[in-house]
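Colleague: Got a minute to walk me through this one? I'd like to start with how the strands go together.

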Amino acid sequence: MKPIVRSLLETDLYKFTMWQALLHRHPNAHGEYEFRCRNEPAYPLAELKEEVERELDHLCEMLFSEDEISYLRSLRFIKSDFADFLTVFRFQRKFITVETDGPHLRIRAVGPVVHVMGFEIYVLYIVNELYFRRFDKEHALREARVRLAEKIEQFRAFELEPKRANNFAFFDFGVRRRFSGEWQDEVVETLQRELPQFFKGTSNVYLARKYNLVPIGTMAHEYMQAFQSFGVRLRDFQKAALEDWVQEYRGDLGTALTDVVGMDAFLRDFDLYFAKLFDGLRHDSGDPLQWAEKAIAHYQQLGIDPLTKTLVFSDSLNLEKALALFRALRERINVSFGIGTHFTCDIPGVQPMNMVLKMSRCNGQPVAKISDAPGKAQGGEPDFLHYLRHVFQVNGA
C-alpha cells in the first residue's frame with residue numbers, strides 16, 4: 001500500500017509556527033516526547049509495531065519539494081531563513097524509537113527540539129490510519145458520508161435562522177485523529193464546496209494548499225511548556241512564552257492558548273499589554289461557557305471591548321456544541337470553531353482513538369500541563385506537578 005504520509009506539508013500549521021519560533025529563539029533546546037493512547041482500542045496497538053516502523057522509515061526519507069517550500073514562503077509569517085532551513089531538513093530516524101509493552105505501543109522521540117517536535121502529527125495519523133485499516137473501509141466510509149450529509153443539512157437549517165452581526169465560522173482541525181487521509185481529503189473538499197459561507201480553512205497545510213484554503217493555527221501546549229525549562233522563573237514562563245511569540249510574529253498569529261496551567265492562572269499573566277497585542281484566546285479544556293465568561297470579564301476589566309477580540313474553541317467539539325456556543329456568545333464577543341474528529345472520524349461502530357505524542361521533558365527537566373480538565377493533564381513526575389500547582393496556586397495548592 002502507498003505510504004501514509006503523502007507530503008511533509010501534511011501536518012498542523014502550528015507545528016511550523018512553533019518550529020520557526022523555537023528555531024530562532026531556542027535552537028539548542030533538547031526535548032523528549034512520549035506517545036500515549038488515552039482510551040482502550042479495539043485491538044492491541046502493539047500489533048502495529050512493524051507497520052509503524054516502516055512508515056517512520058519512509059517519513060525519514062522525505063524532503064520538502066521546491067513547490068512546497070514556495071508555498072510556505074507565500075505565507076507572510078514564514079521567514080526566509082526558516083524556509084531555507086526546511087529546504088535541507090530531514091527527519092532523523094535515530095531520534096525516534098518504537099517499542100511494545102504488553103499490548104501497548106511505546107513511541108519516544110528524543111533529541112534537539114527543532115529536529116523532533118515535528119514528529120508529532122505524522123506519528124498520530126500514521127498510528128490512526130494503520131489502526132483503522134483493520135476495519136471495513138467501504139462500509140465505514142459509506143456510513144461516514146451519510147453522517148456528513150446530515151451535518152450539512154444541519155447547517156442548511158441553521159442558515160434559515162435570523163441573520164446576526166457576527167457570522168458562524170469553523171475550521172477543520174481533524175488531521176491527527178482522522179479515519180484516513182483519503183477521508184479527510186473528501187471531507188474538506190465537500191465542506192468547501194457545500195458550505196463556503198461557514199467553512200473557512202483547515203489546520204492541515206497540505207489540504208490548505210490543495211484546496212486554496214486558509215491554513216489555520218498558532219501555538220500548542222508544547223510551545224508554552226518548553227518555557228518551563230528555558231531559564232526564566234517558573235512563575236514567569238507564560239509571560240516569557242507570550243513575549244517571545246509577540247517578538248517573533250509582530251502582530252500575526254495572535255491567538256494565545258490558555259490552559260497550560262489553567263485559565264485563572266493564565267489570566268493573571270495576561271495583562272493589558274498582552275491583551276492588546278493578541279487578537280484573542282483559544283479554549284482547549286474545561287467548561288467552554290465558563291471559560292468564555294472569564295475571558296469576557298477579563299477584557300472588560302482591562303477596558304477592552306470584547307467585540308474587538310475573538311475566542312477560538314477547539315476542545316472535542318461537535319456541531320451541536322459549536323452552534324450552542326455561537327448562539328450564547330455571538331452578541332458579546334467574536335467566536336470561531338476548530339472542529340476535528342466530529343468530521344474526520346465520526347463513523348458508526350468506530351471509536352475515535354484519543355492518542356497524543358506530548359513533550360514530557362525539555363533540557364533535562366520535566367515539563368507539564370495542568371489543564372482545566374483533569375483527564376487532559378499531562379506530566380508524569382509528581383514532584384514537579386505538585387510544585388507547578390503550588391507556584392500558580394492551582395487546584396488548591
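Modeller: Sure. Two strands count as paired if DSSP finds at least two bridges between them. Keep in mind that this is a predicted model.

Colleague: OK, so in which sense do β2 and β3 pair, and over how many bridges?

Modeller: Antiparallel, over 6 bridges, with β2 covering residues 96-101 and β3 covering 104-112. Ile96 sits opposite Ala109 of β3.

Colleague: And what do β2 and β3 form?

Modeller: A hairpin, with 2 residues between the strands. Gly102 is in that turn and has a positive phi of about 65 degrees.

Colleague: Switching topic: what's the strand order in the open sheet?

Modeller: The open sheet has 7 strands, ordered β6-β5-β4-β10-β9-β8-β7, and the pairing is parallel. At the edges are β6 (214-215) and β7 (255-257), each pairing on one side only.

Colleague: How many bridges link β5 and β6?

Modeller: There are 2 bridges, in the parallel sense, and β5 spans residues 199-202. Gly201 has Val214 in β6 as its bridge partner.

Colleague: Which strands does helix α15 touch?

Modeller: Helix α15 (319-329) packs on the sheet and touches β9 (310-313) and β10 (334-339). The direction of α15 makes about 175 degrees with that of β10.

Colleague: Last thing, cysteines. How many disulfides are there?

Modeller: The count is 0, going by sulfur atoms within 2.5 Å.

Colleague: And Cys60, buried or exposed?

Modeller: Cys60 has a relative accessible area of 7%, and buried means under 20%, so Cys60 is buried. Cys362 is buried too, at 0%.

Notes. Residues numbered from 1 in each chain as written. Predicted model: local features only at pLDDT ≥ 70, side-chain atom pairs only at ≥ 80, totals over all residues. Heavy atoms only, no water. Helix = DSSP H or I, 4+ residues; strand = E, 2+ residues; numbered from the N terminus. Contact = heavy atoms within 4.5 Å. Axes fitted to C-alpha atoms, helices over the stretch in contact; angles between N-to-C directions. Buried < 20%, exposed > 50% of the residue type's maximum accessible area, 1.4 Å probe, protein only.
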